[in-house]
Amino acid sequence: MFMDSIRRGRKKYRVVLIIVVVLLVFSLVGAYAFMGGNRGNVMGGGEENTIAQALQYARGMQSAVDNAKAKADEEPDYTTCSQAADTYYQQASYYAQAENPEMAKVLYDWAGYYYGKTMENAPEGLNDLGQDQIIQKQADAYTKAEKNDMVNKVYRDFARSIQPASNSAAAKADAEPDHDNCLQAGDTLYRQAAYYAQGGETGTAAPIYIRAGDYYGKALDYPPEDMDDLRHAQILTTQANAYSMAEENDKAKSAYQQAVALVPTDYSINEAYAYFLWGAEGMDAMEGHFKDFREKLPEGEDRDKVDQWLESIAATNQQLQEEFQIDESDFIVE
């Protein structure tokens, strides 16, 4: 959501803002190991030993790779193709650690191909989460293979493939409007829009995000008897996210504010609203919301997290002013 909003800011400082986002987020989340290429990380007694061990492991996997490929080619099904893809990916990660990026890219490309074959042979009962995991693995493999055109194609093709599911969910919600049907329509459309956006088709994604947001609103028109304020706020926040991704900021802000009003001390809801404010109105708006939120919190972990955010925002503002000699007006969203 941030990157989509940042691009609307002054072009002159776009790169600076992106760097700020990355540095700020990483300063808070700590040592998460989601930076690429960490599968099968080789632990060794020094850099040279680590590289040598990685190369040894990569070469030692060749027989397994050949066997997995042969089986997937001879008997292509969900299991054999998934095994081939995972094996190629693992070998590629070792070559990457062994500082052989060209070989790694070739193998990541093969992994992407077999993740595609995995999806082609997926069982009919594979749920949304299972499908998403395969698509994300395929896109990740092609990203590491530096085939960005294929990454976009994977996302766009999948977005188109779930069009029947979107049509069906929306039709059911229109014919039988109730909480569950409208919520399902919202979720399905949101998912499709997200894949279009990841595939670079933001123009196609925007109206689908708006439809998703509208269905979330309809779901709240038919609340189940057991829905509490937190669940209500969570649906409002998802609705706000959808509108935000479509750059319908007034609608998004209204939904976020309603969510915050329902659960004023919930950290995740308030954090989501602060993120929106950062992209839509600037860092000062984000800081102001965190300060207001902090006053509502008792001493404890959540207040500590807010304090970390506030410290990072202050440090980032100071660093920008000192290193780039810019002022707050440079961050006004046009």
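This report covers the pocket, the buried residues around Thr118 and Cys81, and the salt bridges of a predicted model.

## The largest pocket

The largest pocket encloses about 420 Å³ of space. Its lining is made up of 22 residues, and those nearest the pocket centre are Met119, Ile135, Asp157, Phe158 and Ser161. Four helices each give two or more residues to this lining: α6 (101-120), α7 (128-144), α8 (148-161) and α10 (179-198).

By residue class, the lining of the largest pocket holds nine nonpolar, seven polar and six charged residues. Asp157, one of the residues nearest the centre, also takes part in a network of salt bridges.

## Thr118 and Cys81

Thr118 sits in helix α6. With a relative accessible area of 1%, Thr118 falls under the 20% limit and therefore counts as buried. Beyond the neighbours within four places in sequence, Thr118 is in contact with Tyr78, Cys81, Ser82 and Ile134.

Cys81 belongs to helix α5, which spans residues 78-97. Cys81 is likewise buried, at a relative accessible area of 1%. Apart from neighbours within four places in sequence, the contacts of Cys81 are Ala72, Pro76, Tyr114, Lys117, Thr118 and Asn121. The C-alpha atom of Cys81 lies 9.8 Å from that of Ala122, a residue 41 positions away along the chain.

## Cysteines and disulfides

How many disulfides does a search of the whole structure find? The search finds zero. Cys182 is a buried cysteine, with 1% relative accessibility, and Cys81 is buried with a relative accessible area of 1%.

## Salt bridges between helices

The structure contains 18 salt bridges. One of them joins the side chains of Arg191 and Asp128, with an N to O distance of 3.4 Å. This pair connects distant parts of the chain, since Arg191 is in helix α10 and Asp128 in helix α7, 63 residues apart. Is Arg191 buried or exposed? Arg191 has a relative accessible area of 13% and so is buried, the limit being under 20%. Its partner Asp128, at 40% relative accessibility, is partly exposed.

Lys253 and Glu281 form another salt bridge through their side chains, at 2.7 Å from N to O. Here too the pair links distant parts of the chain: Lys253 is in helix α13 (residues 249-262) and Glu281 in helix α14 (residues 267-281), with their positions 28 residues apart. Lys253 is partly exposed at 25% relative accessibility, and Glu281 is partly exposed at 40%.

## Other salt bridges

Arg294 and Glu295 also meet in a side-chain salt bridge, where the N to O distance is 3.9 Å. Which of these two residues is exposed, and which is partly exposed? Arg294 is partly exposed, with a relative accessible area of 21%, whereas Glu295 is exposed, at 59%. The figure for Glu295 is over the 50% limit, which means that Glu295 is classed as exposed.

Salt bridges also link a group of five residues, Lys153, Arg156, Asp157, Arg160 and Glu201, into a network. Asp157 ties this network to the description of the largest pocket, as Asp157 is among the lining residues nearest the pocket centre.

How values were computed
Residues are numbered from 1 along each chain as its sequence is written. This is a predicted model: local features need pLDDT of at least 70, side-chain atom pairs count only at pLDDT 80 or more; totals for chains, interfaces and linings use all residues. Side-chain values use heavy atoms; hydrogens and water are left out. On a 1 Å grid over the protein atoms alone, a cavity is a set of points where a 1.4 Å probe fits but cannot get out, and a pocket is an open set with protein on both sides within 12 Å along at least five of seven lines; lining residues have an atom within 4 Å of a point. Grid points are joined across faces, edges and corners, and a volume is the space filled by probe spheres set on the points. Ala, Val, Leu, Ile, Met, Phe, Trp, Tyr, Cys and Pro count as nonpolar, Asp, Glu, Lys and Arg as charged, and the others, Gly among them, as polar. Buried means under 20% relative accessible area, exposed over 50%, partly exposed in between (1.4 Å probe, protein chains only). Contact means heavy atoms within 4.5 Å. A salt bridge is a side-chain nitrogen of Lys or Arg within 4 Å of a carboxyl oxygen of Asp or Glu. A disulfide is a pair of cysteine sulfur atoms within 2.5 Å.
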